[in-house]
Amino acid sequence: MQSLKSHHVVSSSLFNQFSYQSMTFFLSFSTKSRCLHFNETTSIIDYLNSDLQFSRTQSLYVSKRVSGCRFPQNPLSVLTFFKIIGFSQSQILSLIRQRPQILFTNVEKILRPKIQLFQMSGFQGYELCSFISKNPSILTHSLKKTLVPSVEAIRKIVYDQKDFILVLHRCGWILPKYKRIMENVVFLVSCGILGTHLSLLLKLHPRLFVAQRSTIENNVSRAVDLGFLENSRMLVHAIHTLSCLSDKTFERKLKLINCFGFSKDEGLQMFKRTPTLFRTSEKKLKIGMKFFLHTVKLPKSVLIHQPKKNYMSYLLAHLPRYKVFQLLKSKNLCKKLPSYIHVLCLSEEMFLDKYISQFRENAEELLVAYKGHYLEA
């Protein structure tokens, strides 16, 4: 009982955001009890449902753990531990709702070493709490058998610390599947995808690394058949795109391009030069084709040979720039107006400086045309 009282003193200052009912619930049980009576189990379910908003299945799971002689001082120490680290109340509740078994995990033997692993890997403060609360399942896996080798495996693929943190943030859920990751890495390396290319593929499409081997083999084979060379950066982008599209979807987008007067070979050339083009939705693909071919009246050869410059970000840059381009042309503000292709290739900073800022008398009108059309796009 003295132990429980000391826990209560510590928790009262650390858990001021938790309700009094929530804290006294855990303290209401005696450590000398061997098991809980039916009405006590019922009260646990009611508490978890109402205060922590657990599902009934989760509530029953926790109640069974408690009735199995796992007493409340352990859940309390878990809550205290997360609070001390810096977890917010919402993060703690989210974490234990997703993985209620964590409430009954030994803090010093199990939880602290796992948290320390990610702290040593570069996660600190809010970043650490956000990462763990979004990926609570990692706290339920073995430190030595799963988490340590998983982190080491990711580290071998991604050398840069910022990219390493980014990858784990985006796909912490793949850590328990490191064996599958390493098997697929061996295959990808055998295809010439290694070093920065392998790292890039992991950042672009982490799910691919835990896919079935046959799926990856099929995507690599399709890319090579379409003319992509092994050990090339473009092969990575091709695999990424093909792994996101079914054969039917790929063929449908190719036919859509063909409808605008491009042959099948020309459509495949566009894909080969810019694989990301085929990840554009069919709606945007259609709007973009109409814009460049019918409104801007660009030659088809430009879209075939420079699809990246003239298509990928047209909704965010090209339509607004075209509006400004037309305004400059109608007002004869430029003695020698460059080609529209040149305008598209400029960075946003250079575009604003060269074609808006320098025309002080018309800058406001030009900026309104640029920003207004930007929002419409």
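F87 is a buried residue in this predicted model, because its relative accessibility is just 2%, below the 20% cut-off. Its ring partner F82 is buried too, at 1% relative accessibility. These two phenylalanines make a good starting point for a look at the aromatic rings here, where 11 aromatic pairs are counted.

**How F82 and F87 meet**
- A pair of aromatic rings is described by the distance of the centres and the angle of the planes.
- For F82 and F87, the centres are 5.0 Å apart and the planes stand at 65°.
- That angle is over 60 degrees, so the pair counts as edge-to-face.

**A pair within one helix**
- F351 and Y355 form a tilted aromatic pair, with 5.9 Å from centre to centre and 45° between the planes.
- Both residues belong to helix 22, which covers residues 348-357.
- They sit four residues apart, or about one turn of that helix.
- F351 counts as buried, with a relative accessibility of 1%.
- Y355 is also buried, and its relative accessible area is 5%.

**A cluster of phenylalanines**
- Which residues are linked into a cluster by ring pairs? They are F228, F250, F271 and F278.

**Charges over rings**
- R155 lies over the face of F164, and the distance to the ring centre is 3.7 Å.
- K300 has its charged end over the ring of F262, at 5.5 Å from the centre of that ring.

Methods. Residues are numbered from 1 along each chain as its sequence is written. This is a predicted model: local features need pLDDT of at least 70, side-chain atom pairs count only at pLDDT 80 or more; totals for chains, interfaces and linings use all residues. Side-chain values use heavy atoms; hydrogens and water are left out. Rings of Phe, Tyr and Trp (its six-membered ring) pair if their centres lie within 6.5 Å; planes under 30 degrees apart count as stacked, over 60 as edge-to-face and the rest as tilted. Buried means under 20% relative accessible area, exposed over 50%, partly exposed in between (1.4 Å probe, protein chains only). Helices (H or I, at least four residues) and strands (E, at least two) are DSSP runs, numbered from the N terminus. A charge sits over a ring if NZ of Lys or CZ of Arg is within 6 Å of the ring centre and within 35 degrees of the ring normal.
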